[in-house]
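Biologist: Hello! Could you walk me through this model and tell me what stands behind the words you use for it?
Modeller: Gladly; let us look at it together.

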Amino acid sequence: MIISIEVHTKIGVFKGEPLNVNEEQYAGLLTLSKDFYKQSKEGVGFETRLEDGSFCVIAPEILKESVMVLKKIKDKDEKN
């Protein structure tokens, strides 16, 4: 399947580049996403490559008031 990680913040939406993952990798991302807010409490930001190829680092202060979305762009059962 093809997914994208989106982070919705008070300063804008940051859309990650599409990633091709299998079910096991997707399940792993779901598990890791549960620590999203924990990172901000520990003073750690969030970094990702954006859909246009640029690289983004989001400060922990901004993460505290943001939402992460794992968005399925194309499921494995879909044709093209």
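**Reading the predicted model**

Modeller: This is a predicted model, and its largest nonpolar core has 14 residues, of which Tyr26, Phe46 and Ile58 touch the most other members. At least two residues each come from strand E1 (2-9), from E5 and from helix H3 (60-63). E1 supplies the largest share of this core, with three residues.

Biologist: Why is this called a nonpolar core?
Modeller: The term needs buried residues of kinds such as Ile, Phe and Tyr, joined through side-chain atoms within 4.5 Å. Tyr26, Phe46 and Ile58 are members of the set, so each of them counts as buried and is joined in this way. As a general rule, nonpolar side chains tend to be buried together in soluble globular proteins.

Biologist: Which residues does Tyr26 touch, leaving out those up to four places away in sequence?
Modeller: Tyr26 touches Met1, Ile3, Val21, Leu70 and Lys72. A contact here means heavy atoms within 4.5 Å, so each of those residues meets that cut-off with Tyr26.

Biologist: Why is E1 said to be largely enclosed by the rest of the structure?
Modeller: Buried means under 20% relative accessible area. Six of the eight residues of E1 are buried, so the strand is largely enclosed by the rest of the structure. For the chain, 28% of the 80 residues count as buried.

Biologist: How do you know that E1 pairs with other strands, and how many bridges are there?
Modeller: Pairing takes at least two bridges between two strands. E1 and E6 have seven, in the antiparallel sense, and the bridge partner of Glu6 in E6 is Val69. Four bridges join E1 to strand E2 (residues 12-15), again antiparallel; there Glu6 stands opposite Lys15, and a hairpin connects E1 to E2 through two residues. With strand E3 (residues 19-20), E1 pairs antiparallel over two bridges, one partnership being Ile2 with Asn20. The cut-off is two bridges, so E1 pairs with E3 as well.

Biologist: What makes the side chains of E5 alternate?
Modeller: Along residues 55-58, Cys56 and Ile58 point to one face and are buried, while Phe55 and Val57 point to the other and are not. Under 20% relative accessible area counts as buried, so Cys56 and Ile58 fall below that value, and Phe55 and Val57 do not. E5 is joined to strand E4 (residues 46-49) by four bridges, and the two run antiparallel. Thr48 has Cys56 as its bridge partner. Five residues lie between the strands in this hairpin, where Gly53 takes a positive phi near 95°.

Biologist: What lines the largest pocket?
Modeller: The pocket has a volume of about 160 Å³. Its lining includes Ile5, Leu29, Asp35, Phe46 and Leu70. Helix H1 (23-33), helix H2 (36-41) and strand E6 (67-74) are the elements that give two or more residues to this lining, and H1 gives the most, with three.

Biologist: How do the lining residues divide into nonpolar, polar and charged?
Modeller: Seven are nonpolar, two polar and one charged. Asp counts as charged, so Asp35 is the charged one.

Biologist: Which pattern does the chain follow along the sequence?
Modeller: The order is β-β-β-α-α-β-β-α-β, with three helices and six strands in the chain.

Methods: Residues are numbered from 1 along each chain as its sequence is written. This is a predicted model: local features need pLDDT of at least 70, side-chain atom pairs count only at pLDDT 80 or more; totals for chains, interfaces and linings use all residues. Side-chain values use heavy atoms; hydrogens and water are left out. On a 1 Å grid over the protein atoms alone, a cavity is a set of points where a 1.4 Å probe fits but cannot get out, and a pocket is an open set with protein on both sides within 12 Å along at least five of seven lines; lining residues have an atom within 4 Å of a point. Grid points are joined across faces, edges and corners, and a volume is the space filled by probe spheres set on the points. Buried means under 20% relative accessible area, exposed over 50%, partly exposed in between (1.4 Å probe, protein chains only).
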